[in-house]
Amino acid sequence: MTSRRSIWLAAALIALALALLALGVCVGSTGFGSLLALHEDPVARQIVWDIRLPRTLGAWLAGALLGLAGAVAQGLFRNPLADPYLLGSASGAALGGALAMAAFGVSPAAAQWMARVGITGAAFAGAAVAVLLTLLLARGVQHGLRLLLAGVIVGVVLGAVKDLIAIASADILQALQGFMLGTTGLLGWSACGLMAGVLAACLLGGWLLAPVLDGLALGEDTAASLGLPLPAMRAALVAVLALATGAAVAQTGLIAFVGLAAPHLVRSLVKTPHARLVLLSALMGGLLLAAADLLARWLIAPQELPVGVLTAVLGGGYLLWLMHRRGAR
Amino acid sequence: VRRVLGTLSDLLGVPRAQGSDRLWREIDAGVMAAAQSLPPYVHGKRVYFEVSRGPYAAGESSFIGETLTRLGVRNVVPASLGPFPRLNPEFVVRARPDVMFLANRAMQAAGQYPGWAELAAVRGGHVCTFSAEAGDVIARPGPRMAEAARLIAQCLADKSPR
């Protein structure tokens with residue numbers, strides 16, 4: 001019964017995503033414009049092909065990565081409030097971005113070097129360093145609680161360093177704030193390719209490691225007594241979590257709430273073991289972010305809203321409604 | 001800027017005629033001189049001025065936009081969008097500016113936004129970038145606005161397509 005429900009849900013999510021993709025190709029700086037009208041115009045064709053298509057697809061991919069990472073994080077830490085940024089990767093990425101932006105103003109040589117690495121590269125490096133730091137502080141992945149605490153500490157400390165840099169070079173504040181709120185406007189085909197590759201690897205990893213998450217849901221001791229090789233599989237799960245989050249954050253900035261909300265939304269619709277939950281969360285996250293991206297460029301076109309604000313409003317609003325409905329019943 | 005200069009003048013007890021009004025006339029004359037120094041082919045060119053990554057652009061109603069108008073070029077970002085709107089990158093591709101300005105704090109090479117590599121301005125090298133010091137002069141509204149106009153005009157003359 002549940003398996004049929006989750007298949008239906010997956011089909012619905014994919015169908016909605018495809019509909020959004022079609023809609024996303026039509027919505028641009030002039031608001032809604034039909035594809036058919038654009039057919040003869042070469043500039044319009046280029047806009048659709050080079051900007052709208054990779055952007056919509058990229059938003060979906062980034063959302064899927066965050067949704068997947070959220071499901072893994074909530075399973076791994078057995079904490080419904082866990083989100084993908086728990087291992088410090090968010091503040092690490094923000095710090096990397098801030099460093100890159102600050103270095104840009106220092107000297108032409110630094111600017112040239114930074115132009116090559118890009119904010120994206122710096123953010124990914126920052127996220128990776130932050131996760132490694134967390135693992136170092138927690139002395140490995142064996143203690144869930146210690147890992148959690150180390151992640152929070154690393155997040156706070158790196159966040160403070162980032163604030164220090166931002167205060168010292170106030171010029172970067174606007175750009176940095178834009179990065180912190182997340183943006184899908186900079187996604188090109190190369191970003192899509194990268195995220196698609198990472199998503200495929202992480203989905204496979206999540207699928208294979210799902211039995212551990214199911215086991216962990218019963219408690220660490222039970223999981224160990226079930227004969228699961230916990231240490232190795234936990235390390236692999238952390239790797240999946242870090243990779244998925246790092247890839248998404250580096251390309252789109254810190255998009256709030258998708259990773260936290262997607263697994264909850266799926267759980268509210270169907271009860272399912274983690275193997276399916278991970279997959280469905282990815283689909284749900286992708287749908288959420290693709291919808292937010294669409295609204296971000298549609299509502300006040302040709303200007304843009306920060307997409308992170310919209311994900312919080314959309315996801316949060318729906319979750320609140322769900323809680324309210326459940327309370328009333 | 002003019003109003004702030006006037007207030008400053010009053011606060012410091014300098015008569016406006018010798019203080020703010022004179023300074024404003026100097027700025028005004030500087031901008032005018034910069035506009036007159038431009039070769040004729042620059043006139044009426046469509047320009048886009050990016051102030052920060054995002055892309056945040058300088059609209060017609062911003063002080064940078066006013067300087068651009070005085071220089072006789074047309075801003076692709078209309079005043080109706082506000083002084084410094086955050087644009088959809090697609091807007092710029094559609095607007096097809098002849099010359100693009102990237103202030104140093106835009107922190108991007110042109111063409112890093114998806115789709116921009118194909119813009120005529122980017123392919124033809126009609127892109128102005130400024131050093132950190134020049135960027136400082138341009139991005140702050142103040143007594144150095146005449147100098148900013150001179151920097152912008154110089155780059156316009158150098159980089160504008162004929």
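**Charge, fold and cores in a predicted model**

Biologist: In chain B, how far apart do the centres of the positive and negative side chains lie?

Modeller: This is a predicted model, in which local features need pLDDT of at least 70, side-chain atom pairs count only at pLDDT 80 or more, and totals for chains, interfaces and linings use all residues, while side-chain values use heavy atoms without hydrogens or water. Residues are numbered from 1 along each chain as written, with chains lettered from A and ligands numbered from 1 in written order. Lys and Arg count as positive, Asp and Glu as negative, with His and chain ends not counted, and each charge is placed at NZ of Lys, CZ of Arg, CG of Asp or CD of Glu. Chain B has 20 positive and 14 negative side chains, and the centres of the two sets are separated by 3 Å.

Biologist: What share of the 162 residues in chain B is buried?

Modeller: Buried means under 20% relative accessible area, with a 1.4 Å probe and protein chains only. By that criterion, the buried share of chain B is 53%.

Biologist: Which helix of chain A gives the most to the largest nonpolar core?

Modeller: A nonpolar core joins buried Ala, Val, Leu, Ile, Met, Phe, Trp, Tyr and Cys residues through side-chain atoms within 4.5 Å. The largest has 97 residues, and A:L65, A:F77, A:L280 and A:L289 have the most contacts inside it. Helices are DSSP runs of H or I, at least four residues long, numbered from the N terminus. With 13 residues from the stretch 274-298, the greatest contributor is helix α11.

Biologist: How many residues does the second, separate core have?

Modeller: This core includes B:L38, B:V42, B:F101 and B:V137. Its residues number 32.

Methods:
Buried means under 20% relative accessible area, exposed over 50%, partly exposed in between (1.4 Å probe, protein chains only). Helices (H or I, at least four residues) and strands (E, at least two) are DSSP runs, numbered from the N terminus.
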